[in-house]
Amino acid sequence: QFQADMKALGCLEPSVEPKATEHIDGMVEMISTLIAKGNAYVATGAKGREVLFDVTKDDDYGVLSNRKLDDQQAGARVAVESHKRNPGDFVLWKESAADEPGWDGVFDGETIHGRPGWHIECSAMSKAHLGDVFDIHGGGLDLIFPHHENEIAQSCCANGTDRMANIWMHNGYLQVEGKKMSKSDGNFITVHELLHTEKVGGRKWTGEVVRMAIMMTHYRE
């Protein structure tokens with residue numbers, strides 16, 4: 001459905017649409033490199049063994065979001081747990097329960113049947129298809145911290161580079177009648193609904209009209 005919707009909006013097809021499950025080996029290799037370099041460590045969390053990235057071992061951590069470690073407060077997006085060396089340390093690999101998907105990863109000689117953390121997937125897939133450093137990385141403003149910050153940290157430390165991407169482009173939030181579009185507010189509208197239903201304005205929208213409406217605003221707004 002997403003592919004059909006994007007075609008209707010006149011977007012070019014991507015050259016590659018990688019799946020995280022096809023890059024598990026690359027993730028395990030990257031995590032192992034981070035452990036060997038002293039940027040990551042194995043610990044026991046509430047739900048089993050984990051590999052965590054040590055944010056204090058990256059001198060440039062926070063450069064994208066302009067956040068300093070000393071100024072960061074542990075809160076909604078930062079879990080404070082006793083097995084972490086620092087509150088901001090994030091998961092690279094976590095042990096899976098018997099009823100959860102999992103793969104065997106060997107870290108520091110220990111096999112942990114688990115699955116990757118959210119951030120490492122992007123670093124491994126971009127490395128595989130775009131190289132250690134590439135031109136443009138996109139995403140929403142809400143991904144700057146912690147997701148993109150964590151991507152940069154693990155990619156640069158593992159690959160030995162001073163950057164992950166040359167240019168970061170973050171788009172603003174979609175607005176509906178002056179409010180941020182969100183499921184919690186009940187004002188959530190999909191491209192598919194605009195194209196195929198009369199939910200908005202009592203009519204179906206063509207792909208060209210949807211595209212023009214979006215592009216009339218600067219991408220960061």
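## The five-stranded sheet

In this predicted model, 5 strands form an open sheet whose order is β1-β2-β3-β5-β4, and their pairing is antiparallel. The edges are formed by β1, residues 40–45, and by β4, residues 103–107, each of which pairs on one side only, while from one strand to the next the twist averages 45°.

At the β4 edge, the partner strand is β5, which spans residues 110–116 and pairs with β4 in the antiparallel sense over 5 bridges. One bridge joins Val 106 to Thr 111, the latter lying in β5.

## Helix α2 across the sheet

Helix α2, made up of residues 24–36, lies across β1, β2 (48–53), β3 (90–95), β4 and β5, and the helix runs at about 20° to β4.

## The largest pocket

The largest pocket holds about 2300 Å³ of space. Its lining comprises 48 residues, of which Phe 2, Met 6, Cys 11, Asn 171 and Ile 214 are the closest to the pocket centre. Two or more lining residues come from each of the helices α1 (2–8), α3 (118–130), α5 and α6 (207–215), and likewise from each of the strands β6 (134–140) and β8 (175–176). Sorted by class, the lining of this pocket has 29 nonpolar residues, together with 12 polar and 7 charged ones.

## Lys 183 and its loop

Lys 183 is found in the loop that runs between β9, residues 179–180, and α5, residues 191–196. Because its relative accessible area is 66%, above the 50% cut-off, Lys 183 counts as exposed. Between the C-alpha atoms of Lys 183 and Lys 94 the separation is 29 Å, the two residues being 89 residues apart along the chain.

Terms used:
Residues numbered from 1 in each chain as written. Predicted model: local features only at pLDDT ≥ 70, side-chain atom pairs only at ≥ 80, totals over all residues. Heavy atoms only, no water. Pairing = 2+ DSSP bridges. Helix = DSSP H or I, 4+ residues; strand = E, 2+ residues; numbered from the N terminus. Axes fitted to C-alpha atoms, helices over the stretch in contact; angles between N-to-C directions. Contact = heavy atoms within 4.5 Å. Buried < 20%, exposed > 50% of the residue type's maximum accessible area, 1.4 Å probe, protein only. 1 Å grid on protein atoms, 1.4 Å probe; cavity = no way out; pocket = protein on both sides within 12 Å on 5 of 7 lines; lining within 4 Å. Points joined across faces, edges and corners; volume = space filled by probe spheres on them. Nonpolar A, V, L, I, M, F, W, Y, C, P; charged D, E, K, R; others polar.
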